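Colleague: I'd like to learn how to read a model like this one. Could you take me through it, feature by feature?

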Amino acid sequence: MTRFIMRRLLAALVTLLISSFLVCMLIHLIPGDPVAMMMAQNSAPSPEQLAAMRHMLGLDLPLWQQYFHYMGRVLTGDLGRSIFGSEPVLALLMERLPNTFALAFSGLAIAVGLGMPLGFLAAYHKGSWADAALMAFAVAGVSVPNFWLGLMLVLLFSMTLGWLPVAGEDWRSIILPALTLGVTYMAIIARMTRSAMIEVFSEDFIRTARAKGLPESLVMFRHALRPAMISVVTIIGVVFGYLMGGAIVVENVFSWNGLGRLAIQAINYRDYPLIQGFILLFATIIVIMSVLLDIAYAWLDPRISVA
Amino acid sequence: MSALAQAAGKPAASLTVAGAPRRVLLRRILRSRSLLIGGSIVLFVVLVAIFAPMLAPFDPDRIGSGRRLAVPGAKFLLGTDEFGRDILSRVIFGARYTLYIGVVAVGIGLVCGVAIGATAAYAGGWFGNLLMRIIDLLYTFPDVLIALGLVAFLGPNLTNAMIAVGISAIPYYARVTYGVVLSERQKPYVDAAQVVGAGHVRVLLRHLLPNVLPPMIVVASLGFSAAVLSAAALSFLGLGAQPPTPEWGLMLSTGRNYITRAPWLVVGPGIAIFVTVMAFNLFGDGLRDLLDPRQRQRTH
Amino acid sequence: MKSRLRQAFLVSTFMAGVSCPAFADPGDIIFARAQDADSLDVARVSTTISFQVMNQIYDNLLNLDDKGHVVGGLAASYTASPDNMTFTFTMRPNIKCHDGTVFDAKAAKWNIDRAVDPKTGSSNASSYGSISSTEVNGDVLTVKLSKPYSPLPTFLGSAQALMMCPTTIQGSDVKPVGTGPWKFVEWVRNDRLVLARNPDYVNVNPLINNPGAPYAKRLIFRVIPEGPSRMAALKTGEVTFAEPSLQDAADLAKDKNYSVYTGAGRTGQLAYLGFTAKIPPLNDVRVRRAIGYAIDRDAMVDIGFNGLVKSSTCPVAPGLLGYDPAKCAEWATAYDPAKAKALLKEAGYGPDHPLELTLSVSPLQGWDESDVVMQQELAAVGVNVKIEQRQFATWVDYMSHKNQETSGTPAIWTMGMSGPDPDYLVFLFQPPGYAGQGIDDPELQKMLVDQRALSGEARAAKVLDIQKFLLTQAYEIPLFTPGWFWLATSKSNVTGFKQGYNVMPLFNDVKLP
């Protein structure tokens with residue numbers, strides 16, 4: 001197990017190194033001179049100011065050294081300063097991170113909490129009209145644009161029924177964004193759970209247990225639960241990254257003050273250091289999460305060789 | 001069409017032989033129904049896009065076709081927007097942008113993805129391995145993140161959004177291609193072709209590609225829906241199409257400022273995206289079951 | 001599985017709670033705006049949205065009364081030499097900054113020196129005039145200029161000349177410390193900016209009744225970009241004041257439960273269209289005038305602004321010295337598409353050779369719609385326009401370069417300018433000029449300098465000459481007035497809200513129900 005974890009961590013490290021390299025190189029996509037583009041707020045930056053900025057960003061170095069320069073800064077926790085307001089990028093990101101986590105995990109909870117039981121039921125009653133309806137719902141769920149769903153929920157719950165606030169700092173204000181995020185991924189989770197469970201139900205040990213005459217609820221509880229847990233972990237592993245991606249969009253529908261909203265503001269202001277920091281942090285979160293899920297998976301499923 | 005019909009016939013026969021119970025049959029009907037429904041809607045959207053100038057009752061960009069924020073009615077079926085432009089006409093013309101964005105983005109993703117995937121599978125060795133490792137790495141990250149990062153640095157506009165969405169999908173196409181080519185490569189006909197002395201490019205193009213094509217059509221159809229969704233999201237976030245383009249995502253983005261007074265501004269374009277994306281999903285799902293029932297790939 | 005889920009729920013709600021400490025308190029004034037301030041460093045920004053916040057934290061050296069006359073502020077009194085080249089300011093005694101330091105003549109000198117220092121790069125520098133020296137003698141600050149500058153005291157009464165306490169600037173960090181009615185507490189960019197009442201405040205601004213500290217405990221500026229969300233927040237009482245969407249403003253004005261504030265006639269705002277006048281063919285006055293003729297201001301006012309603004313043809317805002325709508329109308333381009341087409345044809349453009357332009361703008365309610373209206377109107381005379389949006393701060397940076405270019409894609413752009421005095425024409429058009437829009441024309445430059453030496457009728461006449469030049473040469477096409485951040489609304493049981501010059505909100509007198 002330890003070796004497995006070590007190996008997984010090493011792989012994650014390599015992933016992070018490569019992603020940070022790509023993030024570092026993004027700056028060269030900017031059309032024109034990136035430094036001139038960055039020196040916003042200053043109506044007429046002097047050549048010295050431009051040179052100082054270039055030097056600070058390491059853009060006066062050869063390409064391969066730029067990466068080491070960048071990593072040198074990143075490893076000491078210095079993601080640069082925001083062009084607007086000159087706050088440290090890391091501090092700005094960390095301030096928003098809890099909000100994004102709150103949204104993503106609430107969304108995940110809704111998606112898993114509703115999607116799994118639905119998928120389970122559909123698999124159990126495979127072929128019934130309920131199964132068919134669920135599959136239709138699943139297709140609808142993966143097809144609905146989450147930003148539009150968000151607007152429709154606002155229209156329904158806030159405007160028409162007046163149940164929930166549109167925006168604000170009230171705890172209830174997380175409900176609509178979490179629901180928006182949750183419902184779209186609930187469909188995918190239901191679909192994945194269904195196919196996973198159909199496989200589980202056809203496995204020998206379930207059939208044996210049933211043949212032994214064990215009560216159905218006991219069979220389900222004792223024998224289907226562990227594989228079900230495994231599929232939860234697998235599914236979360238698949239969905240988590242996409243859910244985080246969805247959160248970027250949903251945050252902007254509901255003015256939810258998380259990383260996604262910060263990112264769009266940063267893009268609108270061409271605040272490149274902030275955008276770079278955002279992508280790097282986001283990538284890191286996803287990598288860490290996938291490592292954690294892999295470990296959980298290995299721990300849950302004895303069939304996986306951990307050597 | 002006949003090839004499809006043939007393909008459709010085969011598994012149906014085998015199912016009856018297996019003495020399929022009714023619910024499996026139901027599933028099959030549902031599947032082919034999804035192909036039918038999805039295909040018809042796709043065709044409908046394509047026709048709407050082609051004949052937009054004839055179908056649209058008004059010029060989509062003309063300000064003051066009617067009163068501002070007019071309620072949907074006989075003259076303006078979907079109402080008018082904040083400029084008094086006919087929303088129906090804008091939704092109709094929006095189909096053109098959506099298909100255009102989808103084709104370009106899928107084109108970029110498919111061409112680059114197939115090239116990378118096929119090269120990696122065919123070359124194998126450390127090079128192929130490395131290539132796929134990088135692709136796997138990019139695949140870990142949500143495509144929205146990649147697209148967002150690219151648009152942020154390239155500059156937000158429709159062209160860059162299409163490029164970004166296309167690039168963000170490369171890992172998806174590359175992985176599928178890699179898998180398919182790898183399994184095809186091991187088949188005897190490839191060796192045979194090489195023994196006969198066919199060059200690598202020739203083997204790739206003449207022998208592998210035709211076998212790889214059917215699964216790629218499925219993947220492209222599913223990828224199309226993902227591309228449309230991502231591009232609409234970028235436009236919604238203000239990073240894609242710019243006004244007054246009648247692009248559906250952008251229409252939602254400006255329309256939401258009027259959501260209290262004129263909710264119809266966000267209904268029409270939203271349903272248009274939803275239905276189009278669902279049509280391509282259904283179509284792709286149906287195709288997959290017909291062409292390649294074994295293959296299970298993620299749709300998004 | 002159940003317990004795991006519950007855990008996830010608990011964790012998520014817990015985190016949502018922690019990250020939102022600014023719960024509404026009955027003693028708080030919360031103002032919901034569509035955008036956030038750019039910076040709280042007076043010398044680094046010149047946007048209304050930033051000044052509206054800074055005006056709460058910092059005070060002015062001088063104030064303007066409701067007739068525009070200059071009265072005391074941080075300086076109890078001032079004198080101007082007859083040649084308008086030497087000014088003295090006698091400071092009010094015992095003015096305390098929020099951090100306990102003293103605001104004296106030295107602090108005032110620090111502000112002026114920093115603003116005009118080229119190293120600071122302040123775009124407001126030119127509005128201080130050609131300052132040659134600043135000297136402190138006890139509680140008297142003497143400012144000497146190398147050229148006459150009569151509007152200096154008025155400028156010092158404007159938000160562009162707010163005085164920060166020197167402790168505000170610590171290297172590259174800005175820690176806002178002022179002498180104003182509200183103290184800085186925290187700023188979560190693009191979310192909320194929290195200020196607390198300054199209990200020791202002594203007011204001398206004649207526009208404000210309350211002689212001491214504000215009545216409310218805290219003043220919070222919140223950013224809610226979407227109009228419907230701001231309105232919902234106002235209606236539910238989540239916020240006290242909101243910038244209404246243009247759609248809602250008219251309805252709310254009719255509703256006796258709400259008060260709508262429209263700038264108190266002191267906005268000094270004018271929105272106009274400008275050109276990259278060095279890039280052909282926009283260096284041709286005929287093409288610039290053709291574009292002017294193509295634009296129907298009334299359509300912008302109706303469609304873009306729901307009739308909440310007025311069209312204008314004067315480069316100087318209504319109410320300011322030298323504003324003369326009748327004269328301006330003689331020189332300006334009125335809506336006349338036929339004339340536009342004829343002029344374009346003269347310049348060699350027509351259906352087979354259409355003029356291609358970029359319309360460079362920044363997003364703002366009413367303006368976004370107006371941009372599309374303009375695009376449509378220009379299309380009607382055969383000019384193809386591509387709209388490019390940038391956030392205002394980025395826009396300023398971009399235009400500062402673009403306006404200086406002599407080749408490339410020609411661009412037209414829209415901007416708004418406000419001030420208490422027409423001297424802002426210098427701020428705009430004296431090279432390099434704000435956002436790089438300075439005009440290298442000796443005749444114009446001479447007039448801009450000359451008006452500073454005059455006063456009264458003579459100055460008004462000179463300002464009118466400048467406007468004649470700008471309009472006949474079509475260096476700017478005035479569009480409408482006012483047009484940005486001038487609307488505010490609250491429930492009608494909230495009393496005492498005022499708007500000062502250039503839509504600076506005043507919260508000192510606000511009493512919450």
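Modeller: Gladly! Helices (H or I, at least four residues) and strands (E, at least two) are DSSP runs, numbered from the N terminus. The model is predicted, so local features need pLDDT of at least 70 and side-chain atom pairs count only at 80 or more, while totals for chains, interfaces and linings use all residues. Residues are numbered from 1 along each chain as its sequence is written, with chains lettered from A and ligands numbered from 1 in the order in which they are written.

Colleague: Let me start with peptide bonds. In which loop does C:Pro482 lie?

Modeller: Most residues other than glycine have a negative phi, and most peptide bonds are trans. C:Pro482 sits in the loop between strand E20 (476-481) and strand E21 (488-491) of chain C, and the bond leading to it from C:Thr481 is cis, with omega near -15°. Another cis bond links C:Pro431 to C:Pro432, with omega about 0°. C:Pro432 belongs to the loop between helix H13 (424-429) and helix H14 (442-453) of chain C.

Colleague: And what is phi of A:Arg270?

Modeller: Near 50°, a positive value in a residue other than glycine. A:Arg270 is in the loop between H11 and H12 of chain A. A residue is buried if 20 or more other C-beta atoms, placed from the backbone, lie within 10 Å of its own, exposed if 12 or fewer, and partly exposed in between. A:Arg270 has 25 such neighbours, so it is buried. C:Asn190, in the loop between strand E10 (182-188) and strand E11 (192-197) of chain C, also has a positive phi, about 60°. With 23 C-beta neighbours inside 10 Å, C:Asn190 is buried as well.

Colleague: Now the sheets. In what order do the four strands of the open sheet in chain C run?

Modeller: Strands of a sheet pair through backbone hydrogen bonds, either parallel or antiparallel. Here the order is E4-E5-E7-E6 in chain C, with antiparallel pairing (a pair needs at least two DSSP bridges). At the edges are strand E4 (75-80) and strand E6 (131-137) of chain C, each paired on one side only. E6(C) and strand E7 (140-145) of chain C share six bridges, and C:Ile131 stands opposite C:Leu145.

Colleague: How do H7 and H8 of chain A cross?

Modeller: Two packed helices are described by the angle between their axes and the distance between the axes. The axes are lines fitted to C-alpha atoms over the stretch in contact, with angles from 0 to 180 degrees between N-to-C directions. For H7(A) and helix H8 (175-201) of chain A, the axes come within 9 Å and cross at roughly 135°. That makes the pair oblique (under 35 degrees is roughly parallel, over 145 roughly antiparallel, 65 to 115 roughly perpendicular, the rest oblique). Contact means C-beta atoms, placed from the backbone, within 7 Å. Among the residues that meet are A:Leu149 and A:Phe157 in H7(A), and A:Leu176 and A:Val183 in H8(A).

Colleague: Finally, how many residues of chain A are in contact with chain B?

Modeller: 40 residues of chain A touch 44 residues of chain B. Several helices of chain A each supply at least two residues of that side, including helix H1 (2-25) and helix H10 (216-253). By class, the chain A side has 31 nonpolar, eight polar and one charged residues (Ala, Val, Leu, Ile, Met, Phe, Trp, Tyr, Cys and Pro are nonpolar, Asp, Glu, Lys and Arg charged, the others, Gly among them, polar).

How values were computed:
Contact = placed C-beta atoms within 7 Å.
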